[in-house]
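Colleague: Could you take a close look at one residue for me, and then walk me outwards from there to how the chains fit together? I would like one connected account.

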2 protein chains.
Amino acid sequence: MEIIDKNNIPPETFDSGEARGIMARVLIGKANGAGNFVMRLFEIAPGGYTPRHAHPWEHEIFVHSGEGSIYSNGEWTSVRPGMAIFVPPDEEHQLRNDGTEPFVVVCLIPSGYQEL
Amino acid sequence: MEIIDKNNIPPETFDSGEARGIMARVLIGKANGAGNFVMRLFEIAPGGYTPRHAHPWEHEIFVHSGEGSIYSNGEWTSVRPGMAIFVPPDEEHQLRNDGTEPFVVVCLIPSGYQEL
């Protein structure tokens, strides 16, 4: 068993072009021996957002903290901590922070793709 | 895309024998079209615990809120919100609430097994 504290994982930052204010970490992935799916943590700063994009793998997202919205099909929908979001393969999506604190989500993908 | 609010999902309760004070829900699974892994939410009441058991599939756990510990190999280790836990296949494990509020974790498993 492995207990993972994000503070022991240096974040990757994405803060240019299509993404703003993102700190991203792989919490559980291939390096931990996880062979089926990958757990990543995204901390989106106030004013920040992920790229608007689509890809051939799904997301299973859990909202941990903060205030934010998700884009789908021309609309933004607010989500609250404790909510989950299923993004099917090939569907365009984007997350943004609508608040004044970090908007923190866990986002899982199947194994076999780039982990971050 | 599907946005899932736990309040729209009736919980299953486990409160006898090996488990106490558990409310469990599938947040994202086969019914949502998710074919690779399953996101479940467990709310463990104060004094509650999950069964101490092992099974041939892994867990990827994210601690959402509350105070609790996880058992592994004869020891209990405290975990805090924001931490992740990887439980490899066939490793004995158990979660318990050590606090006075619900201890809430997201626990993911690969598809192909019973979802709850």
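Modeller: Happy to. Let's begin with B:Ser111, which counts as partly exposed because it has 16 C-beta neighbours inside 10 Å, between the limits of 12 or fewer for exposed and 20 or more for buried. Please keep in mind that this is a predicted model. B:Ser111 sits in the segment that follows β10 of chain B. Leaving aside residues up to four places away in sequence, B:Ser111 touches B:Lys30, B:Gly35, B:Asn36, B:Phe37 and B:Val38. Of these contacts, take B:Gly35: 76 residues separate B:Gly35 from B:Ser111 in sequence, while their C-alpha atoms are 6.4 Å apart in space.

From there we can step out to the interface. In chain B, 33 residues are in contact with 33 residues of chain A. On the chain B side, two or more residues each come from β1 (2-4), β3 (19-28), β4 (37-49), β5 (59-65), β7 (75-79), β8 (84-87) and β10 (103-110). The most come from β8(B), which gives four residues. By type, this side of chain B divides into 19 nonpolar, eight polar and six charged residues.

β8(B) also takes part in strand pairing across the two chains: β1 of chain A (residues 2-4) pairs with β8(B) in the antiparallel sense, over three bridges. Within that pairing, A:Ile3 stands opposite B:Ile85.

How are the two copies related? A turn of 180° with a shift of 0.0 Å along the axis lays chain B on chain A, with an RMSD of 0.0 Å. The two copies are thus related as by a two-fold rotation axis. In chain B, B:His64 has the C-alpha nearest that axis, at 3.1 Å. Both copies use the same surface, as 100% of the contact residues of chain B recur in chain A.

Finally, a look at some strands within chain A. β2 (residues 12-16) and β3 (residues 19-28) of chain A run antiparallel and are joined by four bridges, with A:Glu12 having A:Ala24 in β3(A) as its bridge partner. These two strands, β2(A) and β3(A), make a hairpin with two residues between them, and in the turn A:Gly17 has a positive phi of about 60°. β3(A) is also joined to β4 of chain A (residues 37-49), again antiparallel, by seven bridges. There, the bridge partner of A:Arg20 is A:Tyr49 in β4(A).

Definitions and conventions. Residues numbered from 1 in each chain as written. Chains lettered and ligands numbered in written order. Predicted model: local features only at pLDDT ≥ 70, side-chain atom pairs only at ≥ 80, totals over all residues. Contact = placed C-beta atoms within 7 Å. Nonpolar A, V, L, I, M, F, W, Y, C, P; charged D, E, K, R; others polar. Pairing = 2+ DSSP bridges. Least-squares fit on C-alpha atoms with pLDDT ≥ 70 in both.
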